[in-house]
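I opened this notebook page to keep track of what I looked up, entry by entry. My plan was to go from the whole chain to its cores, and then to the pairings between side chains.

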Amino acid sequence: MTRDYVLDSVSMDNPQLVAYIRQVQLKSTTHQDPLNATQTSEEKYVATLSQSKREGVYAEYISRIGAISSTAWLEANLSWRGVLILTEPKSFFEAQRSTRNPRTRVLHACLSTDKDTKEIKYHQESEVQVTKLGDGPNSLVPSDDSLPTTRLKCFPLYSVLLAYNATTLDYLSLDSPDAPDGQVTMRKSE
């Protein structure tokens, strides 16, 4: 299966898609490894903006190797919970083994760039993450047969949030290699 697939006849709020993400794709943490909860400057900024709100809800998407989660401190110190979406398999398994909030879920997937669910061929490198959109709308990198590949599902953010039962967020963090400093963040407006 080397072809990319688009499930364009499945709506973002399709109950079967939402149930599939909830029951099969969203994983709870196993609480095996301690969580590194050192406060980053971004978390300090979010804590200030939210007036140190307790029990907030977030969605965080990390697509690069070595990118640091900007929600670990919020979970450990302010009891936040959310969904952590990771494209890189090693980062996903590390997050799944961590001692994050028991109500937090981790998801090994990418976010779809439009309203369609996709399954794509994902290229990975051991040291350098290459995630810029490449050949075609469904590829994360140009084809290179020398790189290890895996199949990766890409879901619309709305579908993931429905599966997590949280369509209102206090914090949204989208890791984007095309954004300045690689990070796009949004906060809930009051």
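The entries below follow the order in which I looked things up.

**Entry 1: the whole chain.** I note at the outset that this is a predicted model. I looked up the secondary structure and found five helices and ten strands. Of the 190 residues, 45% count as buried, and the protein exposes about 10200 Å², of which carbon and sulfur atoms supply 49%. I then turned to contacts between residues at least 6 apart in sequence, and of these 71% join residues at least 24 apart.

**Entry 2: the main core.** Which residues have the most contacts inside the largest nonpolar core? I found Leu26, Val83, Ile85, Leu107 and Phe155 in that role, within a core of 25 residues. The elements that give two or more residues to this core are helix H1 (15–25), strand S3 (57–62), strand S4 (81–86), strand S6, strand S7 (117–123), strand S8 and helix H5 (157–164). H5 gives the most, with four residues. I also recorded a second, separate core of eight residues, which includes Ala47, Trp73, Leu78 and Tyr171.

I followed Val83 further, leaving aside its neighbours within four places in sequence, and listed its contacts as Leu26, Tyr58, Ala59, Glu60, Arg105, Val160, Leu161 and Tyr164.

**Entry 3: helix H5.** Since H5 gives the most residues to the largest core, I looked up which of its residues are buried, and the list is Ser159, Val160, Leu161, Ala163 and Tyr164. What covers the buried residues of H5 includes H1, S3, S4, S5 and S8. Just after the helix, I noted that Asn165 takes a positive phi of about 65°.

**Entry 4: the disulfide.** A search of the whole structure gave one disulfide. It is formed by Cys110 and Cys154, whose sulfur atoms are 1.7 Å apart in the model. Cys110 sits in strand S6 (residues 110–111) and Cys154 in strand S8 (residues 149–155), so that the pair links distant parts of the chain, 44 residues apart. I checked the accessibility of the two cysteines, and both Cys110 and Cys154 are buried.

**Entry 5: aromatic rings.** The count of aromatic pairs came to two. One of them is Phe92 with Phe93, an edge-to-face pair with 5.1 Å centre to centre and 65° between the planes. Are these two rings' residues buried or partly exposed? Phe92 counts as buried because its relative accessibility is 7%, whereas Phe93, at 44%, counts as partly exposed.

**Entry 6: salt bridges.** Side chains of opposite charge can pair when their charged atoms come close. I searched the whole structure for such pairs and found six salt bridges.

I began with Lys53 and Asp170, whose closest N and O atoms are 2.9 Å apart. Lys53 lies in the loop between helix H2 (41–49) and S3, and Asp170 in the loop between H5 and strand S9 (171–175), so this pair ties together parts that are 117 residues apart in sequence. With a relative accessibility of 31%, Lys53 counts as partly exposed, while Asp170, at 16%, is buried.

I went on to Arg100 and Glu75, whose side chains meet in a salt bridge at 3.0 Å, N to O. Arg100 lies in the loop between helix H4 (89–97) and strand S5 (105–108), and Glu75 lies in helix H3 (residues 72–78), so the parts tied together are 25 residues apart in sequence. Both Arg100 and Glu75 are buried.

My last lookup was Glu119 with Lys153, where the closest N and O atoms are 2.9 Å apart. Because Glu119 lies in strand S7 and Lys153 in strand S8, the pair ties together parts that are 34 residues apart in sequence. Glu119 is buried, with a relative accessible area of 17%, whereas Lys153, at 27%, is partly exposed. I closed the entry by noting that salt bridges with shared partners join Glu119, Arg151 and Lys153 into one network.

Technical notes
Residues numbered from 1 in each chain as written. Predicted model: local features only at pLDDT ≥ 70, side-chain atom pairs only at ≥ 80, totals over all residues. Heavy atoms only, no water. Buried < 20%, exposed > 50% of the residue type's maximum accessible area, 1.4 Å probe, protein only. Contact = heavy atoms within 4.5 Å. Areas by Shrake-Rupley, 256 points an atom, 1.4 Å probe, with all protein chains shown as cover. Disulfide = S-S within 2.5 Å. Phe/Tyr/Trp six-rings, centres within 6.5 Å; stacked < 30°, edge-to-face > 60°. Core = buried A, V, L, I, M, F, W, Y, C linked by side-chain atoms within 4.5 Å. Salt bridge = Lys/Arg side-chain N within 4 Å of Asp/Glu carboxyl O.
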